[in-house]
Amino acid sequence: MAEKTITITAEDGLHVRPASEFVKLAKGYESDIKVTVGGKSASAKSLFKLQLLELVKGAELHIEASGSDEQEAVKNLAEFLSSLK
């Protein structure tokens, strides 16, 4: 299992447009990918479920992946989140 915690630094948090890009990126991996924020978890591959989490600036988001491409998935999803302004 691969995992990483990252703080959301984007001014507007992870609103719909970047969240949909995040989901699209996550769907490119075979691994099961889970996102946890404030004790609530959701599949990284579901925009609806992701939007139920409080993905605001300053929130600590934990990405956890399990599967054949878990390392690459966590690395690239974390980099995507870090690139958001």
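Does S20 count as buried, partly exposed or exposed, and at what relative accessibility? In this predicted model, S20 has a relative accessibility of 31%, so this residue counts as partly exposed, since buried means under 20% and exposed over 50%. S20 belongs to helix 1, and its C-alpha atom is separated by 17 Å from that of T36, a residue 16 places apart from S20 along the chain.

**The sheet**

The model contains an open sheet of 4 strands, arranged in the order 1-4-2-3 with antiparallel pairing. Strand 1 and strand 3 (40-43) occupy the edges and have a single partner strand each, so one side of each is left without a neighbour in the sheet. Direction ignored, neighbouring strands of this sheet are turned by 20° against each other on average. Between strand 2 and strand 3, which run antiparallel, there are 4 bridges, and T36 stands opposite S41 of strand 3. In strand 4 lies H62, whose C-alpha atom is separated by 5.8 Å from that of K4, although the two residues are 58 residues apart along the chain.

**The nonpolar core**

The largest nonpolar core has 29 residues, of which F22, I33, V35, L55, L61, I63 and L81 touch the most other members. At least two residues of this core come from each of strand 1 (2-7), helix 1 (16-26), strand 2 (32-37), strand 4 (60-66) and helix 3 (70-83), and helix 3 supplies the largest share, namely 6 residues.

**Contacts of selected residues**

The table gives the contacts of three residues, leaving aside neighbours up to four places away in sequence.

| Residue | Residues in contact |
|---|---|
| F22 | V35, A44, L50, L77, F80 and L81 |
| H62 | E3, K4, T5, K34, V35 and T36 |
| E70 | M1, A2, S31 and A65 |

F22, one of the core residues that touch the most other members, is in contact with V35, L77 and L81, among others. H62 likewise touches V35, and its contacts also include K4 and T36.

**A buried charge**

E70, which lies in helix 3, is buried and yet has no salt bridge, the nearest side chain of opposite charge being that of K45, 12 Å away. A salt bridge would require a side-chain nitrogen of Lys or Arg within 4 Å of a carboxyl oxygen of Asp or Glu. Among the residues that E70 does touch are M1 and S31.

Terms used
Residues are numbered from 1 along each chain as its sequence is written. This is a predicted model: local features need pLDDT of at least 70, side-chain atom pairs count only at pLDDT 80 or more; totals for chains, interfaces and linings use all residues. Side-chain values use heavy atoms; hydrogens and water are left out. A nonpolar core is a set of buried Ala, Val, Leu, Ile, Met, Phe, Trp, Tyr and Cys residues joined through side-chain atoms within 4.5 Å. Buried means under 20% relative accessible area, exposed over 50%, partly exposed in between (1.4 Å probe, protein chains only). Contact means heavy atoms within 4.5 Å. Two strands pair if DSSP finds at least two bridges between them. Axes are lines fitted to C-alpha atoms, for helices over the stretch in contact, and angles run from 0 to 180 degrees between N-to-C directions. Lys and Arg count as positive and Asp and Glu as negative; His and the chain ends are not counted.
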